[in-house]
Amino acid sequence: MEKSIKTTRGVYRQTATPNMYIDITSVAELTGYSLKNNTLILGANISLTEAMGVFNNISKENNNSNFAYLAKMRDHINLVANVPIRNIGTIAGNLMIKHTHNEFPSDIFLILETCQAVFVIVDLDGNETLCSAKDFLQINMNKKVIKNIILKEFGSSFQYLSYKIMARAQNTHALVNAGFLFKFKGATVESANIIYGAISPTFIHATKTENYLRGKNVFDNNILKKAFQTLDQELQPEWVLPDARPEFRKMLAIALLYKFVLNVAPSNFISARIKTGGALLERPVSSGTQEFGTNKNSYPLGQPVIKVEALAQTSGKAEYIADIPDRPNQLFAAFVTAKAAPNSTISKIDISKALKMPGVVAYFDKDNIPGENNFMPTALGFTVKEEIFCSGKVQYYDQPIGIIVADKHDVAVQAAEVVQVSYTAAPVKPLLTTRAVLQANAKDRIHHEQTIVPKNRGKNIKKVVKGEFDIGWQYHFHMEVQCCNVVPTEDSLDIYPSSQWMDLAQLAASTALNIPMNRINVRVLRRLGGGFGAKSKMSRNTALPSTRKAARSRTGSQGRAAKAGKTLDAPGKEYVCHKKTVSGIYVRGGGITTRGHSVLGNRLVFGLWSRRK
């Protein structure tokens with residue numbers, strides 16, 4: 001499915017290039033809808049935007065009050081991705097992502113399973129299979145397509161709500177998403193559908209809680225408390241970074257059930273004040289104005305002018321490293337990264353499958369670096385060695401192990417993913433937080449920055465306040481990824497790194513290549529697609545010049561340029577910091593004064609840029 005492939009590529013990288021694309025956008029059965037026998041039959045290849053329009057129209061029709069819940073489904077779909085993606089992404093495409101990657105917290109899957117939707121699956125012989133969303137995940141979809149989604153009516157005895165809690169208003173997965181469909185007889189629950197996403201790849205239904213609530217008054221405090229306890233026991237969220245902590249997600253999931261109960265509770269069961277907890281917060285579109293007073297008599301002083309680069313950047317004329325034209329026979333590089341916990345040891349690297357791929361030129365790792373395996377040169381005052389390629393002991397998840405060189409970018413990326421690396425499990429548990437390092441007293445990973453001692457002490461101290469403060473990681477989200485372009489010249493290398501620290505890039509490349517700095521020409525374009533500090537110190541781009549030199553000696557490609565681009569698998573981090581403070585509050589002259597000191601420092605060396613997991 002053409003649209004499905006586009007949607008899938010928006011979340012997960014496409015691991016194989018399809019041999020053929022089949023345009024099915026004009027197949028009426030897959031893109032239309034109809035109302036038959038009190039059911040809505042929806043073509044599975046309808047776009048998310050089109051589905052929202054269908055749900056909106058049907059839910060507003062007076063004679064379709066039993067489809068009023070479609071309006072709530074429309075509102076939930078409005079939280080998926082963004083408008084351009086919803087315009088091309090299809091229901092079937094989203095569901096196939098969930099089918100392939102069960103860990104994907106699909107909002108479409110969640111609301112369809114909550115509403116007991118029926119999927120119509122058809123094979124090459126025209127045989128149709130009906131199944132639920134949950135059962136769909138177990139079906140082998142080879143040479144099959146999702147033809148239709150069937151939604152049924154729900155009368156006034158049913159209550160449906162769904163939630164998506166996310167870090168921002170769009171373009172993000174749910175921290176936790178949830179769907180609830182209860183059938184009531186008075187205050188008694190006749191049936192309950194409780195669905196959660198972003199808990200674990202296998203968790204869908206809160207089955208124990210559903211069974212417990214059946215036949216009970218959910219608005220009774222004791223019953224509700226027991227339901228929360230049951231839900232607490234069966235919710236066991238996994239923790240895969242950068243997801244939120246399991247404890248938070250579990251509490252959030254329980255809170256969403258409570259929010260649903262408050263929303264549907266009759267007014268005679270709860271007070272008006274408590275009832276407000278069940279309402280969704282409505283945030284109107286914000287607006288604002290900013291005025292700058294200018295004196296035209298002083299022009300050009302104070303005269304408004306357009307940013308010099310504005311037209312070039314907004315028109316696409318501004319050049320970034322990826323825009324540099326490829327040279328004839330240019331090579332491309334992609335990192336092979338460690339998929340193991342810190343302190344694991346690399347036992348074997350099998351590159352045979354990657355080297356057999358058409359277009360792959362070579363593989364390089366630590367053994368091919370002629371100089372120092374370090375992209376943070378000590379000559380500039382850096383005290384911690386940051387390996388360009390892992391020397392054997394994994395320092396952090398996604399640490400670069402080596403680099404694949406190929407004649408096309410996509411080939412290099414695909415080849416890097418098929419390199420098989422075996423590991424020996426870590427003998428000791430990694431220390432992943434500031435507090436963990438301090439508790440272990442790992443002195444080799446603690447850098448004491450400063451202790452501020454008070455010059456004097458108040459005599460009338462009423463209260464001593466002590467506290468500790470932690471600054472965590474920074475996740476650098478560049479619009480332009482970490483990348484570098486290297487062009488060999490007659491007796492030197494011209495490198496174009498996505499860095500704002502040119503002398504660091506030059507020195508790091510010189511140190512790694514073991515050649516004089518005057519043979520490395522650093523050329524920086526007029527702009528970066530985001531800096532945030534990572535592009536000033538993230539000199540792992542020096543791996544590319546190292547590879548370039550090695551490629552010369554191994555392949556004889558004297559005149560071939562090389563280019564590498566990396567996403568955010570190994571983005572780098574700023575320092576983490578732990579701070580202790582002690583303050584005394586005392587009375588002076590009728591007022592309260594605070595005087596104290598703080599212990600700054602405990603800045604962990606392990607948090608230096610790349611050691612992030």
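**Close-up views of a predicted 613-residue chain**

**View 1. The largest cavity has a volume of about 110 Å³.** A cavity here is a set of points on a 1 Å grid over the protein atoms alone where a 1.4 Å probe fits but cannot get out. Grid points are joined across faces, edges and corners, and the volume is the space filled by probe spheres set on the points. The structure holds four cavities of 30 Å³ or more. The lining of the largest has 18 residues; a lining residue has an atom within 4 Å of a point. Nearest the centre lie Lys-98, Tyr-196, Gly-197, Ala-198 and Phe-203. Two elements, α7 (107–114) and β8, each give two or more residues to this lining. β8 gives the most, with three residues. By class, eleven lining residues are nonpolar, five polar and two charged. Ala, Val, Leu, Ile, Met, Phe, Trp, Tyr, Cys and Pro count as nonpolar; Asp, Glu, Lys and Arg count as charged; the others, Gly among them, count as polar.

The model is predicted: local features need pLDDT of at least 70, side-chain atom pairs count only at pLDDT 80 or more, and totals for chains, interfaces and linings use all residues. Residues are numbered from 1 along each chain as its sequence is written, and side-chain values use heavy atoms, with hydrogens and water left out.

**View 2. Strands β6, β7 and β8 form an open sheet in that order.** Strands (E, at least two residues) and helices (H or I, at least four) are DSSP runs numbered from the N terminus. Two strands pair if DSSP finds at least two bridges between them. The pairing in this sheet is antiparallel. Its edge strands are β6 (158–166) and β8 (188–197), each pairing on one side only. Neighbouring strands are turned by 10 degrees against each other on average, direction ignored. Axes are lines fitted to C-alpha atoms, for helices over the stretch in contact, and angles run from 0 to 180 degrees between N-to-C directions. Nine bridges join β6 to β7 (residues 174–185). One bridge partner to find is Asn-177 in β7, which pairs with Lys-164.

**View 3. Five strands make an open sheet in the order β1-β2-β5-β3-β4.** The pairing is antiparallel. β1 (33–36) and β4 (128–132) stand at the edges with a single partner strand each, so one side of each has no neighbour in the sheet. The average turn between neighbouring strands is 25 degrees, direction ignored. β1 and β2 (residues 39–43) run antiparallel and are joined by four bridges. Lys-36 stands opposite Thr-39 in β2. Helix α3 (residues 48–60) lies across β1, β2 and β5 (144–152). Its direction is at about 165 degrees to β2. Contact means heavy atoms within 4.5 Å.

**View 4. Helix α6 (residues 91–100) is largely enclosed by the rest of the structure.** Eight of its ten residues are buried. Buried means under 20% relative accessible area, exposed over 50%, and partly exposed in between (1.4 Å probe, protein chains only). The buried residues are Ile-91, Ala-92, Gly-93, Asn-94, Leu-95, Ile-97, Lys-98 and His-99. Lys-98 is also among the residues nearest the centre of the largest cavity.

**View 5. Gly-584 sits in strand β21 (residues 577–588).** This glycine is buried, with a relative accessible area of 9%. Arg-457 is 127 residues away in sequence. In space, the C-alpha to C-alpha distance between Gly-584 and Arg-457 is 8.2 Å.

**View 6. Three loops carry backbone details at Pro-300, Ala-81 and Asn-441.** Most residues other than glycine have a negative phi, and most peptide bonds are trans. The bond from Tyr-299 to Pro-300 is cis, with omega near 10 degrees. Pro-300 is in the loop between α12 (272–275) and α13 (310–315). Ala-81 has a positive phi of about 50 degrees. Its loop runs between α4 (69–77) and α5 (83–88). Ala-81 counts as buried, at 15% relative accessibility. Asn-441 has a positive phi of about 55 degrees. Asn-441 lies between α16 (434–440) and β14 (446–447). At 47% relative accessibility, Asn-441 is partly exposed.

**View 7. The whole chain has 19 helices and 23 strands.** Buried residues make up 45% of its 613 residues. Of the contacts with a separation of 6 or more, 69% join residues 24 or more positions apart.

Terms used:
1 Å grid on protein atoms, 1.4 Å probe; cavity = no way out; pocket = protein on both sides within 12 Å on 5 of 7 lines; lining within 4 Å.
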